[in-house]
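Dear colleague,

I am passing on the structure we spoke about, with the sequence alongside. Please have it open as you read, since the notes below go through it element by element.

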Amino acid sequence: MNNKGFIQFITVLLLLASAYQLSFTFVTNSVEKSAASEAASMYPNSTVQKDSFEHRYLDSMSQEKVFPGLGFTYQECKENELNLGLDLQGGMNVTLEVETPAVIKAMANNTTDQAFLAAFEKSKKEYLGQQNFVDLLAKNYNAENPDGKIVGIFYGKGLKAELPNEYNSSNEEVFDYLKRESESAISRAFEIISTRIDKFGVAQPNVQRLDNGRILVELPGVDDPQRVRDLLQSSAKLEFWKVFPNYKGFEYLEQVNKIVYGVNQLNNIGDEDAQDDKPQVEDDTTKSKDGDLFGDDLLVSNDSLGNDSVQKSREEIQRENPVLSKLVPNVANEGKNWAQSAEIGYIDVNDVEDFKTYFARKDVLAALPSNLYFKFGFKPIKIEGKDFIALYALKSGRGGQPALAGDVITDARPTRQDDLNLAVSMQMNQEGTSVWRRITKEASSSSPKECIAVVLDDQVYSAPTVQGEIPNGSSVITGNYELDEATDLANILKAGKLPAPAKITGETTVGPTLGARAINAGLISLAVGFLLVIFFMIVYYGKAGLYADIALLVNLVFIIGVLAGLHAALTLPGMAGLVLTIGMAVDANVLIFERIREELQAGKSFKMAIKDGYSGAYSSIIDANITTIIAGVILWVLGKGPVMGFAVILVIGILSSLFTSIFLTRLLIDNDIKKGKETSFYSSISEKIGHRLNTINWNFIGKRKTFYIISSILIIGGIASLVTKGVSTGVDFKGGWSYVINVEDVSTAQIKEALTAKFTDANTEVKTYGSANQYKVTTSYMIDNKDADAGAKVESALVSALGSYNVKGGDILSSSKVGPTIAKDITVRSTWAIALAIIGMFLYILVRFRNVGFSLGATTAIFHDVLVVFSLYSILWGILPFELSIDQAFIAAILTVVGYSINDTVVVFDRVREFLGQNRRESDQSQVINKAINSTLSRTLITSLTTLLVILILFVFGGEGLKGFTFALLVGVAVGTYSSVCVATPIVVDFMKRFKK
């Protein structure tokens, strides 16, 4: 081999680079172990104090130099260590979607153009995140109004400065402008969310901008999902509103009550600023003329409900005043005075949606003043053990605008008030300071003094009574905050307002317990698989097998080092890819070693056999690995999350194994030759086995019709099962929530019965998941709900439904949400991935072998393997004791099977091409092809055996999360080996006979 010195130099350089990249991980692990050890010694009996101390210790070490010799700080080492995926260390993965339609609607500024409104609503219904919303709007508008001019809707709102033709601009120019503006809004949203995450205080967060207005956020170690949801989805729309007095708001609420429940005679409560009908003021509280704010009919106490006559009266009251009877008024002195605060009263959190519906009614809106807006408080309060939300009546200025917008805020920070409660103090710019001075002066000069509401994202955070003019532009948001809440709110305000709402369309939360189990399972399967392959290679190939094992070990170091250098995360499917790479990495050495054996058996000298063996195997190795890389790259580009992690490992592993298998083993063997030694390629066991395999001459081509029948029966049976029984689709494709929960002494039927009663109008499935007492719950309950707290509501409903089985929040080990748009996106991407993989294989085989017959044979084998795997998934669904769901991991397995199948097929085809070239004058070429198949049988069986061996280890030890994935690989590799010999090559023969070529 030429350039040995260069190969040695590159090998050493790569090893040093990998060691350098991995050294950061060793340093951070050392620091973290010291922190854990010290925390355990100080607080041996308190987990909370231990965790708190460990966190403070690591924070204090962030700027300390901890890397010996090189002087890197702990923070710098942390940034360069090997990242673990969230499925291995626990944490939260969130996919946000910036609502582009909201940007366009805001720019249209309440237009009344019916053609535009119709096109806009149609586009919103059709939009599933698969294309640009503006392109969809343009298509629908042109269809709705072909001759319409859209420029008038947006002219003067920034458009005038953007277009040279101004009011004469074409629709195409306007839509291009809208596309630029929506793209700018998404970019600003990405920057704001990135700023919020930077201030969140999580080590190694990952924020990526995806396509179609989506943003991916990964937060390792997060254990409070709702806090993250609030942080990410808050649009930070801060406003300051004037407030109607609570008694006035109650009078308006009486109007709502009468309208909703059909009272035709409406009371005239006068203009909102009239003072004639105000209750009298006594000691800063308000009292009705008869000394009672509410008649006796609204003050029936709960204590008297046992009396039948009172009970009847109560029912009548609720029937006649359902709106007011749901309100707990904000009163003092046993209901004789209004309390001195802005709240009208308090509503049960379960009734909030009803009230929103009442306030949105057209007849209600027509009857109430145009400057009145009912708003709810942001944080529930406890009343008799139940959660209630405060209700406020806000007063707008001209055009329905607040008294002051929040974009005047320049700084915000958590502070302690005089009573030591946490609040958030804010500072305004010069313009805001001037307006704030005027507003507070007016409010404090009124009699009684007025309140100013601080509203964030349409929720009232506080509404203090203004005691005097505030001249310095300072303001405070109060609300009985915890430190985390106050810090997050300050950070949200400082980062700024999102230009458009951002909703969570997909999320995954993995608890630290499940992550630790995943690490253990992955490490065990990796270690066992590696040891078995090492043992097998030495036993079968002797000293040459030892050299292959050395190359394999170096290969592993390279892969993990490159992974650390790229700052890519090692996920659970990534560890599966690592284990699979071990099995596939020996394939190149098996090809070379089997070829060398053939050359030695042909009587060549050892040195010549080595040279010809390597050169003869190059073509097969390159072809086989390029086809697998095609599948890996497609999966890398189109895959998401953990599946992408699998693809990254697969592609890096293939490239690395090519170098180590071809060059490193050759370097070691050439070193033996230089010393006058001959490397052994046999052991006593393999010599006997190899001799028997070489004497085999099975008639694969002659029995091809039998193989066709066997495959047809299996596929037809599978198609029948797919049509009648179907397959289990995971939430990745149908959308929904998925939870792994821990419940003791209960069956799946009992869990499903309890959840079905709670999750009304939803499809709910319950399956056992791995170890005893663990279950996987999948449901479509509230999946279309876009509220920020939808996830918390579903989790609360889950815990509530299973409360009789002692299930608490801590028993939810992991959770996952896939919204409808993400599910659609995954379906489209998966379909494209499989289609592109098959097309790519067909074209590559056509280019390399220049014969359509070979391309058809390879493509048919791929279709055969995919159909068989799908068929078995359908037939065995519900029979095997583990989950068989069609999800992203399954698609990754299918593409891996496609790559492996074509790998096997190409090796056989390469030998067929070689034999046909050597026997051009042979009349019966089917016998030549049959001989070529038999000559590769040893390599085919050994490679399949080693690959199946490591996949089987992964199946047994890899944990429940990989069961379905590895089962698909087991079936696919076995079927792929069969199809490369018994399907693909026979089809080439039939094609050549049919077309005489």
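Please keep in mind throughout that this is a predicted model. I begin with a pair of helices: α5 (residues 100-108) packs against α6 (residues 114-126) at an angle of about 170°, and their axes lie 11 Å apart. Because angles over 145 degrees count as roughly antiparallel, α5 is described as roughly antiparallel to α6. On the α5 side the contact is made by Pro-101, Ile-104, Lys-105 and Ala-108, while α6 contributes Phe-116, Phe-120 and Lys-124. Sorted by class, the residues in this contact are five nonpolar and two charged, with no polar ones.

Next, the sheet. Eight strands make up an open sheet with antiparallel pairing, and their order across it is β3-β4-β2-β21-β27-β24-β26-β25. Its edges are β3 (206-209) and β25 (764-768), each of which pairs on one side only, and the twist from one strand to the next averages 15°. At the β25 edge, the pairing with β26 (residues 774-779) is antiparallel and runs over five bridges; within it, Glu-765 has Thr-778 of β26 as its bridge partner.

Two helices that pack on this sheet deserve a look. Helix α10 (residues 171-198) touches β2 (91-98), β3 and β4 (214-220), and its direction makes about 180° with that of β3. Helix α11 (residues 225-233) also packs on the sheet, where it touches β2, β4 and β21 (502-510), and its direction makes about 25° with that of β2.

Finally, the internal space. How many cavities of 30 Å³ or more are there? The count comes to two, and the largest cavity has a volume of about 120 Å³. This largest cavity is lined by 15 residues, of which Met-584, Ala-585, Asp-587, Asn-625 and Asn-903 are the closest to its centre. Two or more lining residues come from each of α21 (572-601), α23 (641-674), α31 (888-918) and α33 (937-957), and α21 gives the largest share, with five residues. As for the character of the lining of the largest cavity, six residues are nonpolar, six are polar and three are charged.

With best wishes

Notes:
Residues numbered from 1 in each chain as written. Predicted model: local features only at pLDDT ≥ 70, side-chain atom pairs only at ≥ 80, totals over all residues. Heavy atoms only, no water. Pairing = 2+ DSSP bridges. Helix = DSSP H or I, 4+ residues; strand = E, 2+ residues; numbered from the N terminus. Axes fitted to C-alpha atoms, helices over the stretch in contact; angles between N-to-C directions. Contact = heavy atoms within 4.5 Å. 1 Å grid on protein atoms, 1.4 Å probe; cavity = no way out; pocket = protein on both sides within 12 Å on 5 of 7 lines; lining within 4 Å. Points joined across faces, edges and corners; volume = space filled by probe spheres on them. Nonpolar A, V, L, I, M, F, W, Y, C, P; charged D, E, K, R; others polar. Parallel < 35°, antiparallel > 145°, perpendicular 65-115°, else oblique.
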